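User: I would like a close look at a single part of this protein, set against a short account of the whole. Please take your time and keep the answer connected.

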Amino acid sequence: MSTSQIAFLKGHGTENDFVIVPDPDDAVELPASVVARLCDRRAGIGGDGLLHVVRSAAHPEARAMAGEAEWFMDYRNADGSIAEMCGNGVRVFARYLQHAGLVEEGDLAVATRGGVKKVHIAKGGDITVSMGRALLPGAGVTVTVDGRSWDARNVNMGNPHAVAFVDDLAHAGELRSVPPFTPAAVYPDGVNIEFVADRGPRHVAMRVHERGSGETRSCGTGACSVAVAAARRDGADPTQTGTPVTYRVDLPGGTLLITEQPDGEIEMTGAAVIVAEGMIDPAWLETVTG
């Protein structure tokens with residue numbers, strides 16, 4: 001990794017926070033150890049993950065999408081591992097592009113490992129991301145915390161989720177470590193686990209353990225998975241009725257509105273904020289990479 005100065009920004013979407021590294025030409029090497037240190041809240045900048053901003057044409061994993069989306073969100077979890085998608089991350093990614101003058105209000109497309117995502121930046125307001133369609137694999141798991149067990153629905157939003165409905169969000173426990181689940185073979189590459197409690201008609205609250213990051217203040221793909229799981233539990237399926245369904249999902253960091261359209265497309269709307277920008281000290285980078 002080069003020890004020259006590297007620019008960074010810090011942003012969050014409903015308090016799901018990210019280190020942002022602009023790198024249009026994919027010239028910055030970001031090994032897992034460096035990403036993990038940058039995301040460390042004591043020894044680094046701090047974040048639930050890292051958004052590596054690269055032109056799609058410059059990145060080998062995104063070149064095939066360059067004709068649809070100029071920019072690729074090379075997303076990393078806080079432990080440095082690579083992830084397919086991050087819903088809050090897409091909103092913050094889009095806000096960065098706007099902040100940097102690279103896009104304007106209105107519609108744009110963002111390439112991710114979970115496919116090309118359509119984004120709408122409202123004038124002076126929230127950002128809506130078309131998150132794609134949820135897949136509902138048949139096999140679920142049983143999640144157990146402190147002697148309590150729940151059946152969890154298997155939902156895939158480009159990344160895997162297990163959604164458990166509970167009476168009290170405190171039953172989820174500390175969520176720093178992965179809640180035990182069986183059978184483990186359902187999620188061979190790990191899973192994001194959501195615990196959900198009802199708050200009213202089409203209104204739920206959730207906590208989440210994100211794979212590779214621990215408990216986070218918000219998870220966009222998790223909120224989408226929760227809304228879909230709640231809709232099916234409540235007997236609602238827009239693809240069958242032709243009527244959109246919207247759920248309000250409260251997270252520790254704020255609220256997201258999740259709408260499932262009759263064609264199965266799921267739209268997530270919420271805030272995204274850039275809070276700081278600066279330069280990473282090259283002397284510090286040497287201590288990380290040396």
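How far apart are the mean positions of the positive and negative charges of the protein? After that, please look closely at strand S4, with Asp 74 as the place to begin.

Analyst: The model is a predicted one, and in it the mean positions of the 25 positive and 38 negative charges are 3 Å apart. To set the scene for the strand, the protein has 5 helices and 18 strands, and its C-alpha atoms fill a box of roughly 55 × 40 × 30 Å along the principal axes. A compact globule of 290 residues would have a radius of gyration near 19 Å, and the value of 19 Å computed for the protein agrees with this. Of these 290 residues, 51% count as buried, while the accessible surface comes to about 12,000 Å², of which 48% belongs to carbon and sulfur atoms. Among contacts between residues at least 6 apart in sequence, 62% join residues at least 24 apart.

Turning to the strand itself, S4 covers residues 71-77 and includes Asp 74. Because its relative accessibility is 0%, and buried means under 20%, Asp 74 counts as buried. The side chain of Asp 74 makes a polar contact of 2.7 Å with the side chain of His 52, and a polar contact of 2.8 Å joins the side chains of Asp 74 and Arg 76. If neighbours within four places in sequence are left aside, the residues in contact with Asp 74 are Leu 50, Leu 51, His 52, His 59 and Arg 113, so that His 52 appears here as a contact as well as a polar partner.

Asn 77 is also found in strand S4, and with a relative accessible area of 6% this residue is buried. Beyond the residues up to four places away in sequence, Asn 77 touches Val 35, Asp 48, Gly 49, Ile 82, Ala 83, Arg 211, Gly 212 and Ser 213.

One of those partners, Ile 82, lies in the loop between S4 and helix H2, which spans residues 87-99. Again not counting residues up to four places away in sequence, Ile 82 touches Tyr 75, Arg 76, Asn 77 and Arg 113. Arg 113 is therefore a point where the two descriptions meet, being in contact with Asp 74 and touched by Ile 82, and Arg 76, which shares the 2.8 Å polar contact with Asp 74, is likewise among the residues that Ile 82 touches. For a sense of distance across the protein, Ile 82 and Asp 234 are 152 residues apart in sequence and 34 Å apart in space, C-alpha to C-alpha.

Key
Residues are numbered from 1 along each chain as its sequence is written. This is a predicted model: local features need pLDDT of at least 70, side-chain atom pairs count only at pLDDT 80 or more; totals for chains, interfaces and linings use all residues. Side-chain values use heavy atoms; hydrogens and water are left out. Helices (H or I, at least four residues) and strands (E, at least two) are DSSP runs, numbered from the N terminus. The radius of gyration is taken over C-alpha atoms; the globule rule is 2.2 Å times the number of residues to the power 0.38. Buried means under 20% relative accessible area, exposed over 50%, partly exposed in between (1.4 Å probe, protein chains only). Contact means heavy atoms within 4.5 Å. Accessible areas come from the Shrake-Rupley method with a 1.4 Å probe; for residues, only the protein chains shown count as cover. Lys and Arg count as positive and Asp and Glu as negative; His and the chain ends are not counted. The place of a charge is taken as NZ of Lys, CZ of Arg, CG of Asp or CD of Glu. A polar contact is a pair of N or O atoms within 3.5 Å; within protein, one must be able to donate a hydrogen and the other to accept it, and residues adjacent in sequence count only if both atoms are side-chain atoms.
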